[in-house]
Amino acid sequence: MNKKPIIGITKPDNKALLEFLAIAAAVKMAGGTPQILTASSDYRAAKIDGIILGGGSDVFPGLYQQSPKEEYQYDRERDEMGVFWCERARDEQIPALGICRGAQLMNVVCGGRLHMSVAEAYEDAHYPDGFLHNALYRKTINIKESTLLNKITERIELEVNSIHKQAISDLGDGLEINAQENNGVIQAIAHTSHPFFLGVQFHPEFLIYQEVFRDIFKALITATKA
């Protein structure tokens with residue numbers, strides 16, 4: 001019997017968020033075995049076939065030459081873990097999926113920068129807020145043809161959720177935009193010289209009742225077997 005690929009999932013130490021249960025469920029549905037990685041675990045020694053960099057608190061701005069926000073609680077230990085796995089995935093061709101914060105960290109690790117406030121950086125980027133917004137609000141993204149996300153979804157448009165306050169600004173080295181909103185906000189990136197180094201700004205784990213979002217996790221699993 002074929003061994004199921006082990007997929008590491010980075011998460012904060014101090015929260016057992018619904019998001020990470022949803023990611024683990026998506027990995028299992030796609031045919032993989034999820035393995036939670038936290039900063040307090042021996043994450044450097046983890047034996048995994050692929051990595052998912054999950055969402056959460058803001059990436060520390062010092063990593064991209066910006067000043068931290070006053071009185072904001074940054075998770076520096078988780079940043080260190082994320083940087084370790086981003087660099088290793090990029091350099092060793094390990095299949096990697098970044099979700100929201102994870103996509104932003106991918107960009108930063110490749111030398112890019114972030115908008116610390118989407119609402120301030122873009123016109124028409126004032127999205128609804130609150131529980132119902134996180135659960136129900138949808139917006140359209142435009143997927144560029146012949147990109148990795150286009151090949152996975154076979155779509156040029158997709159309705160996604162909107163749970164982020166920050167976004168990618170200057171693109172990192174070797175990365176290309178895979179999807180954007182009409183207002184210009186970057187919604188997906190991928191590395192041009194890596195078989196599967198994909199970052200999405202939306203949260204596909206909350207949309208796995210639709211096949212197109214399950215396909216993103218299936219593509220990660222397939223990449224581990226290549």
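This report describes a sheet, a helix, a pocket and two cysteines in a predicted model.

Residues are numbered from 1 along each chain as its sequence is written. Because the model is predicted, local features need pLDDT of at least 70 and side-chain atom pairs count only at pLDDT 80 or more, whereas totals for chains, interfaces and linings use all residues, and side-chain values use heavy atoms, with hydrogens and water left out.

**Sheet.** Nine strands (DSSP runs of E, at least two residues, numbered from the N terminus) form an open sheet with mixed pairing, in the order β2-β1-β3-β4-β11-β10-β9-β6-β7. Two strands pair if DSSP finds at least two bridges between them, and the edge strands, β2 (33-37) and β7 (157-160), each pair on one side only. Within the sheet, β10 (residues 186-191) and β11 (residues 197-200) run antiparallel and are joined by three bridges; Ile 189 has Gly 199 of β11 as its bridge partner.

**Pocket.** The largest pocket has a volume of about 900 Å³. A pocket here is an open set of points on a 1 Å grid over the protein atoms alone, where a 1.4 Å probe fits, with protein on both sides within 12 Å along at least five of seven lines, and lining residues have an atom within 4 Å of a point; the volume is the space filled by probe spheres set on the points, which are joined across faces, edges and corners. Of the 31 lining residues, Leu 17, Glu 19, Gly 56, Ser 57 and Ile 163 are the closest to the centre of this pocket. The lining divides into ten nonpolar, twelve polar and nine charged residues. Helices (DSSP runs of H or I, at least four residues) that give two or more residues to the lining are α1 (18-30), α3 (101-109) and α5 (131-136), and the largest share, four residues, comes from α5.

**Helix α3 and the cysteines.** Helix α3 is mostly covered, with nine of its nine residues buried (under 20% relative accessible area, with a 1.4 Å probe and protein chains only). Just after α3, Gly 111 takes a positive phi of about 95 degrees. The count of disulfides, pairs of cysteine sulfur atoms within 2.5 Å, comes to zero. Cys 110 forms no such bond because its sulfur is 7.2 Å from the closest cysteine sulfur, in Cys 86, which is too far. The table gives the accessibility of these two cysteines.

| Residue | Relative accessible area |
|---|---|
| Cys 86 | 1%, buried |
| Cys 110 | 5%, buried |

Conventions. Ala, Val, Leu, Ile, Met, Phe, Trp, Tyr, Cys and Pro count as nonpolar, Asp, Glu, Lys and Arg as charged, and the others, Gly among them, as polar. Buried means under 20% relative accessible area, exposed over 50%, partly exposed in between (1.4 Å probe, protein chains only).
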